[in-house]
Amino acid sequence: MGRTAELAKVQSWLSEAKIRSIGITGAGGYGKSMLLAKVCREIEVASPSGFLGQPFEQIVWTTFTESYRFESWGGWLLVQLLGEIPIGLTRSELIPALVKVLAQRRCLLVLDNAETLLTESGDWLEAEYGKFWLAVMGATSQSVLLLASQEQPNLPPNLLNCSRWQRLGGLDEAAGVALLQAWEVSGSDAKLREFVVLCDGHPLLMDVVVGNLKTDFELACIDDLPHANYELFNLIGLHRDDPMASLRAILAWSIARLPEELQGLILRLWIYPIRFNLVRLKDAYPDLQVTLGQCRQLARRSLLQERCQQRVWEFWFQPLIREYLQTRVLEDCRAKGAVWEEANTLKAIGDVLQFLDRRDEALERY
């Protein structure tokens, strides 16, 4: 729900032949990834004569949970596009090979969490990513790069005309109300709008707050909210106009109220960086005792996201929640001077990345 105007704007840019790069920027939790997903769904159902004009032959999505080395990511991307890496391809030939494929076919490359690859000033941490981006932008091609990032990468002036950027802020009151209603929260229009304003229109903050309210009070109608002295609302009020500070405070509050076994579980689960089901999780963590019921309890408080397909439950962390948990665990270790505990945490991250065949990232942790 929501972001209708932003979706329409991105759709219109995709129909412009000269556009090679489209970026969605904004602070964490404002729905950048959700907007990208909506764009991709629209593409998948659009006809060749629809808003996109010439249809895309392929969509390739990458969520950068870590700053992957370009050589590893570029090789993976070439496999997605060609089915293989040409024999004898050298590192210096990788970018030209990718650009050539993208010039021959109309593809949409989605780079989610692209800020992982950037400095705060918008420079690329690894120069090859910048070279690849500029090469695609400067080539004669119908392929498009679609990015979601907290920072906007720096671009030379001569390429600005083939790039478009949309910055996301908080949801307006109407879009926020629509989102609450999609979560099956009813109530008077005035109370619904008041709640959206209280949360600064921050979708993830709204999600976590609603998850706690539903769990604590079985809330279905916003008019039945508890009194203003309810601690959750005091936490939001302490950080008005700073939704990130509110989110961190509410996550700390929400986790502290979990039963001890669930607190221990969530402080280990965050290490798994992609979607998981119980079978996949136990393969990576043979010693971890976890049940479907425990994961669903965390999901009810919006600490985990969940989806059931063909009777199999999948779970994953919102990037900001995973980032909060990682920061908290490592900072707690350092505050206590628990050097071995910190080392074991980093090793556990490395073990999971190794299990996922992401060896370069695993080596960094080791």
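Me: Rings of Phe, Tyr and Trp (its six-membered ring) pair if their centres lie within 6.5 Å; planes under 30 degrees apart count as stacked, over 60 as edge-to-face and the rest as tilted. By this rule, how many aromatic pairs are there?

Reply: Bear in mind that this is a predicted model, where local features need pLDDT of at least 70, side-chain atom pairs count only at pLDDT 80 or more, and totals for chains, interfaces and linings use all residues. Residues are numbered from 1 along each chain as its sequence is written, and side-chain values use heavy atoms, with hydrogens and water left out. Go by that ring rule and the count of aromatic pairs comes to 14.

Me: What kind of pair do Phe64 and Trp73 form?

Reply: Phe64 and Trp73 are both buried (under 20% relative accessible area with a 1.4 Å probe, protein chains only; exposed is over 50%, partly exposed in between). Their rings sit 5.8 Å apart centre to centre, and with 50 degrees between the planes the pair is tilted.

Me: Why does the pair of Trp313 and Phe315 count as stacked?

Reply: Trp313 is partly exposed, at 24% relative accessibility, while Phe315 is buried, at 0%. The ring centres of Trp313 and Phe315 are 6.4 Å apart, and the pair is stacked because the planes meet at just 20 degrees.

Me: Which residue's face does Arg275 lie over?

Reply: A charge sits over a ring if NZ of Lys or CZ of Arg is within 6 Å of the ring centre and within 35 degrees of the ring normal. Arg268 does this with Tyr285, its charged end 5.5 Å from the ring centre. For Arg275 the distance is 3.6 Å, and the ring belongs to Trp316.

Me: In E7, what is the bridge partner of Gln305?

Reply: Strands E6 (residues 305-309) and E7 (residues 312-316), both DSSP runs of E with at least two residues, numbered from the N terminus, pair in the antiparallel sense over 5 bridges; pairing takes at least two DSSP bridges. Their hairpin has 2 residues between the strands, and Gln310 there takes a positive phi near 50 degrees. Across from Gln305, on E7, you'll find Trp316.

Me: Which residues form one aromatic cluster?

Reply: Phe64 and Trp73, the tilted pair from before, both belong to it. The full cluster is Phe64, Tyr68, Phe70, Trp73, Trp124, Tyr129, Phe132, Trp133 and Trp165.

Note on methods
Helix = DSSP H or I, 4+ residues; strand = E, 2+ residues; numbered from the N terminus.
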